[in-house]
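The following exercises are to be worked through with the sequence and the structure at hand. Each task is followed by a solution in steps.

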Amino acid sequence: MTSLPAATTRKLGLVIDLDTCVGCHACAVACKEWNDGGSFGPLPDADPYGKEPSGVWFNRVHSYEVAGIENRESGVGEKRERLVSGLAFPTPDSPFPVPEPSARPIPDSPFPIPAHAMSLHFPRSCLHCETPACVTVCPTGASYKRAEDGIVLVDEDKCIGCQLCAWACPYGAREFSAQRGVMQKCTLCVDRIYNETLDEADRQPACVMACPTRARHFGDLGDAQSDVSKLVAERGGYALMPEFGYQPVNRYLPPRPRRDASCAQAQPAVEAIDTAQLSPLLRWVDRVLSR
Amino acid sequence: MRPTFSIIFFTVVSGAGYGLWLLVGLAHALVWPGCMLDPATGTVDVQVSVCRMPSTLTLAWAAGFLLVSAGLLSSLAHLGQPRRAWRALSQWRSSWLSREGIAALLAYVPATGLFLIWLGQQSPGHLVPALILENETLVRVTGALLAAASVVTVFCTANIYACLKPIRAWHNRLVVPAHLAFAALSGMLLLWALAALPRWDLMPAAQETVWSVLLPFAVIVLAVISAAIKLAYWKQIDRPSGLRTAHAIGLDALGNVRSFEQPHTQENYLTHEMGFRIARKHSRKLRMICLLAGFATPAILALLALLLPALGAFAAWLALLAGMSGIFLERWLFFAEARHAVMLYYAAHGD
């Protein structure tokens, strides 16, 4: 049934730390490996060893460059102002694009802008939304959200491959398998997390187990006392594009301020001293030290 | 969004078919009985106390049946598992696609009803009891049901697109009116062209005049309405959304975020399906062609037909050709120009 459950008992999901993710793609590879042999059937690739391999991956790791202050300040005077007003990066075609109306000015930033350009790796997977449109648009009942733990799944025996659910997801969580003719997506490793043949420590999604920097955490985000909920509260975890109203369960933790002394907002201000009030000795010391 | 041929063909062709069925249904509901003259005597056939469906409407019904069926079959070609298509009828509570499937099948019920009535008229009293054929209310209700089911089906089709929030160009309040207007316009163009074909019955002279004026006039009105909706729609979707990659990853505050490496070396399903960008380069010119072919040409030809009735048949078929090409192009642009929010992650556009 593609109608959504009124409420789910638990809200299982992932918390992904953008501060510690190093973009190694281990999560994506481990996910592909586990799910290729998982209970939802294989994840076959077209032309796997050829020139144009393609196939379904539940995890995709993007790599971005966040411009640092140095980039924003260098160059012509006008450039800095335009860049700080929140623009796309200059491209060869249009070095300084016209500002877009809704661009948010940077001075409100809760995150200090890094002094130097910073890389940011961004693993993207299903967010197991509380009110996912991918489920409600499904005409067959193949897509569903489990009432007991909130996991969004596709019954691949019912899916007709109309691909409407992929269109409905702004996060790109669903990919169509041309080989199998059905839609496939992250199962939150539902065949691992309840698998009693595995050690209890291993009952976690494959991506979480594989992450070498522990940038991925799995747990019940509906329970305020769970480790993941505490982590989200402590680090200011946020949901992606909440304006769509799908209420993602997964949370992302923002990068911590860089320990760089020249960090834009953390930069210590030089305190002014009224030397006239100082004793001659201290005035001399100040003069010497100020050289 | 990638313009897939099977979907464009489905929405345009089935839209035209339902537009035609809408008009056939309305004709039965509103202007029945449009008693035809007995071809032998040239007078109202009093022997047969039954009114006959004008042959143009018979043709229109058949053309509608072919177009609707061809469109629906084409939509199946888009599916990964077409043999399971019957499952799509189950989730009407939440899914517009499911509702569309049900409405599309339900429309065949009154359509079959009209077919049986026509069949009965061919040999009154044999196949269908005269009691039914003479029951004016029944015929009118069947026609009204066909008209309603046609509108509902197109409404559901349009809502499949309009309900998708990640595609800003589709989640727009003009998408549903546009689909309905184009279906009605293409239906009207088809009916006008079919009315220009030779008939095998005689229509009373008064009715003949009404038809030859009403159809081109309706084409002009619908073409103007359709063009107005489409122009307003383009104006709306051209407004920048201001969404950027930084917003998609939830870090607007960091401002300048640029993708320096894609998650994969090859194109994937998402970039293939939602990253289509070939059309945008020429979208202005294509829009102009669409306006000229789809709306301006049929309207001008219809005006010409009103002024010079002798050109009627030629104008009608030329208008159909131009109008349908324009509507096909419109539907192609509807896909090709639509941008999906997921492409923000690929930093492929500023949407």
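## Exercise 1: The surroundings of one valine

V219(B) lies in helix α7 (residues 205-237) of chain B; helices (H or I, at least four residues) and strands (E, at least two) are DSSP runs, numbered from the N terminus. This is a predicted model, in which local features need pLDDT of at least 70 and side-chain atom pairs count only at pLDDT 80 or more, while totals for chains, interfaces and linings use all residues. Residues are numbered from 1 along each chain as its sequence is written, and chains are lettered from A and ligands numbered from 1 in the order in which they are written.

**Task.** Determine whether V219(B) is buried or exposed, and state which residues V219(B) touches.

**Solution.**

Step 1. A residue is buried if 20 or more other C-beta atoms lie within 10 Å of its own, exposed if 12 or fewer, and partly exposed in between, with C-beta atoms placed from the backbone. V219(B) counts as buried because it has 27 C-beta neighbours inside 10 Å.

Step 2. Two residues are in contact if their C-beta atoms, placed from the backbone, lie within 7 Å. Leaving aside residues up to four places away in sequence, V219(B) touches M188(B), L189(B), W192(B), P298(B), A299(B), A302(B) and A319(B).

Step 3. I300(B) is 81 residues from V219(B) along the chain, and the two C-alpha atoms are separated by 9.7 Å.

## Exercise 2: Chain B and its confidence

**Task.** Describe the make-up of chain B, and state where in chain B the confidence is lowest and where it is highest.

**Solution.**

Step 1. Chain B contains 11 helices and one strand. Their order from the N terminus is α-α-α-α-α-α-α-α-β-α-α-α.

Step 2. Of its 351 residues, 47% count as buried. Among contacts in chain B between residues at least 6 apart in sequence, 80% link residues at least 24 apart.

Step 3. The mean pLDDT (the predictor's confidence in each residue, from 0 to 100) of chain B is 87, and 88% of the residues score at least 70. Confidence is lowest in helix α4 (residues 130-133) of chain B, with a mean of 64, and highest in helix α6 (residues 175-195) of chain B, at 96. Residues 46-50 of chain B have a pLDDT below 50, and this stretch has seven contacts in the model beyond near neighbours in sequence. Where pLDDT is low, the predicted coordinates should not be read in detail.

Step 4. Helix α6(B) has 21 residues and spans 30 Å from its first C-alpha to its last, close to the expected 30 Å (1.5 Å times one less than the number of residues). Of these 21 residues, 19 are buried, so that α6(B) is mostly covered.## Exercise 3: The contact between the chains

**Task.** State how many residues each chain brings to the contact, and which strands form the sheet that includes β1(B).

**Solution.**

Step 1. Chain B supplies 52 residues to the contact and chain A supplies 62 residues. On the side of chain B that touches chain A, α3 (96-122), α8 (245-248), β1 (257-261) and α9 (269-274) of chain B each provide at least two residues. The most comes from β1(B), with five residues.

Step 2. By class, this side of chain B has 23 nonpolar, 19 polar and 10 charged residues. Here Ala, Val, Leu, Ile, Met, Phe, Trp, Tyr, Cys and Pro count as nonpolar, Asp, Glu, Lys and Arg as charged, and the others, Gly among them, as polar.

Step 3. Two strands pair if DSSP finds at least two bridges between them. Strand β4 (residues 60-66) of chain A is joined to β1(B) by four bridges and runs antiparallel to it. One of the partnerships sets E65(A) against R258(B).

Step 4. The open sheet has three strands in the order β5(A)-β4(A)-β1(B), with antiparallel pairing. Its edge strands, β5 (118-124) of chain A and β1 of chain B, each pair on one side only. Neighbouring strands of this sheet are turned by 40° against each other on average, direction ignored.

Step 5. The model scores ipTM 0.89 and pTM 0.85.

## Exercise 4: A mixed sheet in chain A

**Task.** State in what order β10, β1 and β11 of chain A are arranged, and which helix packs on their sheet.

**Solution.**

Step 1. The order in this open sheet of three strands is β10-β1-β11 (chain A), and the pairing is mixed. β10 and β11 (251-253) of chain A stand at the edges with a single partner strand each, so one side of each has no neighbour in the sheet. On average, neighbouring strands are turned by 25° against each other, direction ignored.

Step 2. Strand β1 (residues 12-17) of chain A pairs with β10(A) in the antiparallel sense over five bridges; I16(A) stands opposite R216(A). By contrast, β1(A) and β11(A) run parallel and are joined by three bridges, with R251(A) as the bridge partner of V15(A).

Step 3. Helix α8 (residues 227-235) of chain A packs on the sheet and touches β1, β10 and β11 of chain A, and its direction makes about 120° with that of β10(A). Axes are lines fitted to C-alpha atoms, for helices over the stretch in contact, and angles run from 0 to 180 degrees between N-to-C directions.

Step 4. Strand β10 (residues 216-220) of chain A is mostly covered, with four of its five residues buried.
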